[in-house]
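Visitor: Could you take me through one part of this structure, the aromatic rings, and go slowly?

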Amino acid sequence: MAVQMEESLGNLQNTALKKNFNKEVLPEPHFGYHFLKRAMDIICSLTAIIVLSPILLLTAAIVALTSPGKSIYTQIRVGKNGKFFTMYKFRSMYINADQVLEELAKKNEMDGPVFKMKHDPRITPVGRFIRKFSIDELPQLFNILAGDISIVGPRPALPKEVAQYTGRDSERLLVKPGLTCIWQVSGRSDVDFKEWMELDRQYIKTRSIILDIVLILKTIPAVLLGKGAC
């Protein structure tokens, strides 16, 4: 089973890497952008981990005590240029969620290769709360610190989603994925798949340190209000 899974992931990664990227959509940012962005990622993620450590520990304990399974859910996601990495989240679903997904496929409320369902029965009561306010995403601060993702960038997709991308969709893989982006502050699940992809392309074309700061500041009220959460 493990060998089959490894082969399957390998095939999906090859699919992601073979996408026809349009390099013209990727104008080079100003000199020093990448250095400043990485420095901001390290400083902000490390500070957030320290400041939010009580919330991280409390959430881990509550998740573990209220439903069977580990507190941290790990999942393979696709990063920059199709490279795979392990993403961390607080578990917000019951442990059989991946198996039940096939049964719920017909109830998908999002177009494109992404699955979204506002009243997803796989989500635990605690999971519904932490998802609404994006608390489930906090472990990704460690992904930011490790350099897997950035604070700002297109959300990292699942391999099976990338396998269904068009060449235009796959342009979002030209940059490092992130914790938040234009999509997150524009309604999240209220935005359809096509518009979501266009918002990511918009970010790629106009990205800058100033834009990142603006998006981070806009993310705070969006998270506190649970805007577009699913």
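Visitor: To start with, are Trp183 and Trp196 buried or exposed?

Guide: Happy to help! Please keep in mind that this is a predicted model. Both residues you ask about, Trp183 and Trp196, are buried. Let's see how they fit in with other rings. A pair of aromatic rings is described by the distance of the centres and the angle of the planes. The model has 4 aromatic pairs. One of them is Tyr165 with Phe193, whose centres are 6.4 Å apart, with 45° between the planes, and this pair is tilted. Tyr165 and Phe193 link distant parts of the chain, 28 residues apart: Tyr165 sits in the loop between helix 7 (159–162) and strand 4 (178–180), while Phe193 belongs to helix 8 (residues 193–206). Tyr165 has a relative accessible area of 6%, so it counts as buried, because the cut-off for buried is under 20%. Phe193 is buried too, at 7% relative accessibility.

Now back to your two residues. The ring centres of Trp183 and Trp196 are 4.1 Å apart and their planes are at 10°, so this pair is stacked. Trp183 lies in the loop between strand 4 and helix 8, and Trp196 in helix 8, so the pair ties together parts 13 residues apart in sequence. Putting the pieces together, Tyr165, Trp183, Phe193 and Trp196 form one aromatic cluster.

There is one more ring to look at. Phe133 has Lys132 over its face, at 5.8 Å from the ring centre.

Definitions and conventions. Residues numbered from 1 in each chain as written. Predicted model: local features only at pLDDT ≥ 70, side-chain atom pairs only at ≥ 80, totals over all residues. Heavy atoms only, no water. Phe/Tyr/Trp six-rings, centres within 6.5 Å; stacked < 30°, edge-to-face > 60°. Helix = DSSP H or I, 4+ residues; strand = E, 2+ residues; numbered from the N terminus. Buried < 20%, exposed > 50% of the residue type's maximum accessible area, 1.4 Å probe, protein only. Lys NZ or Arg CZ within 6 Å of the ring centre and 35° of its normal.
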